[in-house]
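Visitor: I am new to protein structures and would like a close look at a single part of this one. Could you pick a part and walk me through it slowly?

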Amino acid sequence: MTRIENRPFDTIKVGEEERLVHVLTNEDFSALAAQAASFGAGAVDPEVAASPTYAADAAQNGWASALMSALIAGRLPGAGSKVVRQSIEASAAVAPGDVMTVVARVMAKAPNGRVTIEARATNQRGELAMAGSAEIVAPKKTIAAEPPEEHFVREKGRRYRTLIARTRDLKALKTAVVHPVDEASLIGAIEAAREDLMEPVLVGPEAKIRRAADAAKIDIAGYPIVTTEHSHAAAEKAVAMARAGEVEGLMKGALHTDELMRAVVAAETGLRTARRISHVFAIDAPTYPRALFITDAAVNIYPSLLDKRDIVQNAIELVLALGIATPRVAILSAVETVSPDIRSTVDAAALCKMADRGQIVGGILDGPLAFDNAVSLEAARTKGIVSPVAGQADILLVPDLEAGNMLAKQLVYLAEAEMAGIVLGARVPIMLTSRADNTIARLGSCAIALILARHRETQTP
């Protein structure tokens, strides 16, 4: 497990912030209360911890005190901190599935080594759910410590939070949100706007958009609405806006994927480039030590060899833009040897040779590889596979959409992974989120789109 360093008093600056995004679960309402005590051990002054007020607050606001303590004891200032005074007030009801964005801000430093920190937590609707403050004796020296055990802090979407942090100095992406007539798509867009990831332009039937906002108690005042009659018209209008340079990206709302993609791939009016359009799932799997990308599990049903060449190149360029140097690409099949009876193994061999000849650049390819050999060094060693990709793949190229879609969803529902999605190969990035996605997955998609768009600007001659 990677060790993390604290923030000694001399390095802390007034005004700096730390942020944590956490999806509340059923277990949290009991486990987080225990977590607060775990973090408080050795950090909270014994007299404070023993007071009836502290005990009552911890009992009532277990989730709030735990998340605030996670930021203080885990990150700002971190190991060696001692809380001498703390107050927390929960101001909104919470439930499993709520996405809490907690921001801790340094408000003051005193000569005696004490730091005052204020924290605020908002839910996915932008409602204030918790406000608190703490006076802390900050550590004097750097201490490297193990991060909290995952069963105490199961911070879903950790890699997405890292990506979001990388966007802080980037201009938000002006984005057409296509047919946002339900709570999920509206929340995703507004939360992304609050995180400065996008400037949403809501495209669809205005009356339906406003009814959905009213029903979900979401404030959309200040966000422009481009009125259309129905979802088909919304897709066509959003694509026309992107084609004209009026928006820099698209985000799927409450419409079917094929409705949006039909407008995107239209020969005369769409957003095609010379490259095949494809989709990438960015997977945050807690048990895998690397970021993981699966392609193509949403757009190309049965891609040809040349389609796969473009699909791989699209994914490599995305991963490079996200800061992973020389990504490793595993070309998946059911077996590790080339068999003329299994087309995906023949395609894998051809793709590897295309990479050798410079027809695919920027990454290291190997295949065919079975899934276990692609992600497990032990499995690869057991089968005697010597490869720079096996066991440490960054990108998984699946044989077809069916296999990819099942693989991605198995990781989500059986391995507690999070899944963000983006469409590549078009003139602008397209956030092809699912109506089943939670807010943190939608924010992850937005962060990826923003980083990619700004990276492309730096590559333009």
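Guide: Happily! One term comes up again and again: two residues are in contact when heavy atoms of theirs lie within 4.5 Å. Take leucine 170 as a warm-up: leaving out residues up to four places away in sequence, leucine 170 touches Leu450, Ile451 and Arg454. Arginine 454 sits 284 residues from leucine 170 along the chain, yet their C-alpha atoms are separated by 7.5 Å. Contacts across the sequence matter in the overall count too: among contacts with a separation of 6 or more in the protein chain, 74% join residues 24 or more positions apart.

Please keep in mind that this is a predicted model. The protein chain contains 15 helices and 18 strands, and the part I have picked is helix H11, residues 343–356. Let's check its length. With 14 residues at 1.5 Å a residue, H11 should span 20 Å, and its end C-alpha atoms are indeed 20 Å apart, so the two values agree. Just after H11 comes glycine 358, with a positive phi of about 80 degrees.

Now, which residues of H11 are hidden? Here, buried means under 20% relative accessible area. The buried residues of H11 are Ser344, Thr345, Asp347, Ala348, Leu351, Cys352, Met354 and Ala355. A general rule helps when reading such a list: an α-helix has 3.6 residues a turn, so residues three or four places apart point the same way. As for the partners, the buried residues of H11 pack against helix H10 (305–321) and three strands: S14 (328–332), S15 (364–369) and S16 (395–397).

Let's stay with the helix partner. Two packed helices are described by the angle between their axes and the distance between the axes. For H10 and H11, the axes come within 10 Å and cross at roughly 55 degrees. Angles under 35 degrees count as roughly parallel and those from 65 to 115 as roughly perpendicular; H10 and H11 are therefore oblique to each other. The crossing of H10 with H11 is right-handed. On the H10 side, the contact is made by Leu305, Leu306, Lys308 and Arg309, while H11 brings Arg343, Ser344, Asp347, Ala350, Leu351 and Met354. Sorted by class, this contact between H10 and H11 has 5 nonpolar, 4 charged and 1 polar residues.

Methods: Residues numbered from 1 in each chain as written. Predicted model: local features only at pLDDT ≥ 70, side-chain atom pairs only at ≥ 80, totals over all residues. Heavy atoms only, no water. Helix = DSSP H or I, 4+ residues; strand = E, 2+ residues; numbered from the N terminus. Expected span 1.5 Å × (residues − 1). Buried < 20%, exposed > 50% of the residue type's maximum accessible area, 1.4 Å probe, protein only. Axes fitted to C-alpha atoms, helices over the stretch in contact; angles between N-to-C directions. Parallel < 35°, antiparallel > 145°, perpendicular 65-115°, else oblique. Left-handed = near helix turned anticlockwise from the far one by under 90°. Nonpolar A, V, L, I, M, F, W, Y, C, P; charged D, E, K, R; others polar.
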